[in-house]
Amino acid sequence: MELDVLKTVEWMEQTNEKMQAKKDELTTLDQPIGDGDHGINMARGFQEVVNKLNDTEYNEVSAVLKDVAMTLMSKVGGASGPLYGTAFLKISTAVKGAGTVERDLFAKALTEAVNGIKQRGKATEGEKTMIDMWSPISEAFQQASDFRPEDMMEAAQAALESVKELEATKGRAAYFKEKSVGHLDPGAVSTFYLFEALADVWKGDN
Amino acid sequence: MKKIINDPNQAVQDMVNGFVAAYPDKVTLIPETLAVVRKDAPITGKVGLVSGGGSGHEPAHAGYIGKGMLDVAVAGEVFTSPTPDQVLEGIKAVDAGEGVFLVIKNYTGDVLNFEMAAELAEAEGIQVEKVIVNDDVAVEDSSFTTGRRGIAGTVFVHKIAGAKAEAGGSLSEVKQVADKVVANVRSMGMALTSGTVPAAGKPGFQLEDNEMEIGIGIHGEPGIERKPIASADTIAQELTDRILDDIDISNGNEVAVLINGLGATPEMELYIVNQKVQAILRDRGIEVYRTYIGEYMTSLEMAGCSITVLHLDDELKPLLDAPSEAPAFRR
């Protein structure tokens, strides 16, 4: 895996396409537990990200990701904006100075992102939030040196399955506690699409 | 939905424009934001005071801008936190080098967005401190919150922290006194009807004609119990008892009382509630130092009220009494 400026922009474009296509699905997932706007917010946010990236010249991956962070933070709103914003801000800081981001560096950046989301959301693993996606995906990255996009998707899929069975104790869904079991968390699902887009771009490498 | 608006999606922008137009010599809008700022900010030698949150709680928060209270209020969409970039602009606009203090109501979205803004400001070299207000004794967690919610008691934090900052208090002194207010203020509310978010077009929840909800939040988020409506005295008794059960205020102590209308309750009813609240406090030997009646922290056109009790001491009293030029809290 090698993320350069072009690939990073491509990752965001593919993510945006998924968010647009899955807008209604994400919103439907949010309705019983939240205020039913996750899909709309994510679709709006990533569209703004793509607009921003297309209007700007970049010579560093870190700068692309910083703009992604700032745009998500200001355009997604709610709790998801600052949480996704924090994740990308941490990745951006971790890869500062690198022309291309190799797997090892990206793995390190993901650890930073997970810690950032935990700190921002004052949440940890097992509370049925987006952390239950970011954390296992990040861990999978750390472990295998021959990690492939297929492995990442496997980790993401497995994480999504286990999130479903968790009981929410943080985030707005926590209000519904045991009723949340068996329900997919919208923030976990949008995270899944983000990594699915990364896998697609990464596969294009080989 | 029947509302005096132009376009539901423009309601917040139109309101903010109208607010600035009402006090053109005192406040201005930070360009490209919904942040209203004191015209004389940043004020040399003074800690900047920042608050804000979702709209729909007017006169909070812009009504509390003015000498002796807030320097800037950052508005979000109705019942939605402002975003970190907007809060950051607010922080930058009031930083005079003495640091900036954030008053945040305890809602998940507000805390996330304001804390992120604080970190971004710190990265730009601005010293930031904060307090998270959680005065509502009704529920521990809600659909909007982890922990207790921040409601009308926030106005006392604005007033007292604002007075401290105006008097030249340092950032840590402002924080110390704001923490003290939060530790000593408790509130609880109830509703008869729901407000309607303009962009949603229909009421947030339904209560039957004979029903009320005790412990409701200022976004209509669920409280403790729905039950048949009772008399003002019974309502006042229930809310005040719950407040006093939660805080150690004894015979001879002094308090400030705020009877707050949630948007569609006439002052007449607030005074009726106040009559009982004062009697309860008197019976317990608690001395009421100041009483405030009116709309301070609303929930659109929700009918209902909240009661706030602030336990005062010799440090807080003069700060509560200090001059304020804020349009919604003149002293």
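Start with the surface of chain B: the accessible area comes to about 12500 Å², and carbon and sulfur atoms hold 48% of that. Keep in mind as you click around that this is a predicted model.

Now switch to a cartoon of chain B. You'll find eight helices and 14 strands. The radius of gyration is 19 Å, close to the 20 Å that the globule rule gives for 331 residues, so chain B is as compact as a globular protein of that length. Line up the principal axes and the C-alpha atoms fill a box of roughly 55 × 50 × 35 Å. Of the 331 residues, 59% count as buried. If you draw contacts with a separation of 6 or more, 73% of them come from residues 24 or more positions apart.

Next, colour by charge. Chain B carries 28 positive and 49 negative charges, and the mean positions of the two sets are 4 Å apart. Side chains of opposite charge can pair when their charged atoms come close. Over all chains, the whole structure has 34 salt bridges; here are a few worth a visit.

Select Asp71(B) and Arg38(B) and show their side chains. They form a salt bridge, 3.5 Å from N to O. Asp71(B) sits in the loop between β3 (48-55) and β4 (72-78), while Arg38(B) belongs to strand β2 (residues 35-38), so the pair ties together parts that are 33 residues apart in sequence. Are these two buried or exposed? Asp71(B) has 1% relative accessibility and counts as buried. Arg38(B), at 5%, counts as buried too.

Stay on Asp71(B) and add Lys46(B). What joins their side chains? A salt bridge does, at 2.7 Å from N to O. Lys46(B) lies in the loop between β2 and β3 and Asp71(B) in the loop between β3 and β4, so this pair ties together parts 25 residues apart in sequence. Lys46(B) is buried, as is Asp71(B).

Widen the selection to Arg38(B), Asp40(B), Lys46(B), Asp71(B) and Glu166(B): these residues are linked in a network of salt bridges.

For the last stop, pick Glu254(B) and Lys317(B). Their side chains meet in a salt bridge of 2.6 Å, N to O. Glu254(B) is in strand β10 (residues 254-261) and Lys317(B) in helix α8 (residues 316-321), so the pair ties together parts that are 63 residues apart in sequence. Try a surface view here as well: both Glu254(B) and Lys317(B) are buried.

Definitions and conventions:
Residues numbered from 1 in each chain as written. Chains lettered and ligands numbered in written order. Predicted model: local features only at pLDDT ≥ 70, side-chain atom pairs only at ≥ 80, totals over all residues. Heavy atoms only, no water. Helix = DSSP H or I, 4+ residues; strand = E, 2+ residues; numbered from the N terminus. Rg over C-alpha atoms; globule rule 2.2 N^0.38 Å. Buried < 20%, exposed > 50% of the residue type's maximum accessible area, 1.4 Å probe, protein only. Contact = heavy atoms within 4.5 Å. Areas by Shrake-Rupley, 256 points an atom, 1.4 Å probe, with all protein chains shown as cover. Lys, Arg positive; Asp, Glu negative; His and termini not counted. Charge placed at Lys NZ, Arg CZ, Asp CG, Glu CD. Salt bridge = Lys/Arg side-chain N within 4 Å of Asp/Glu carboxyl O.
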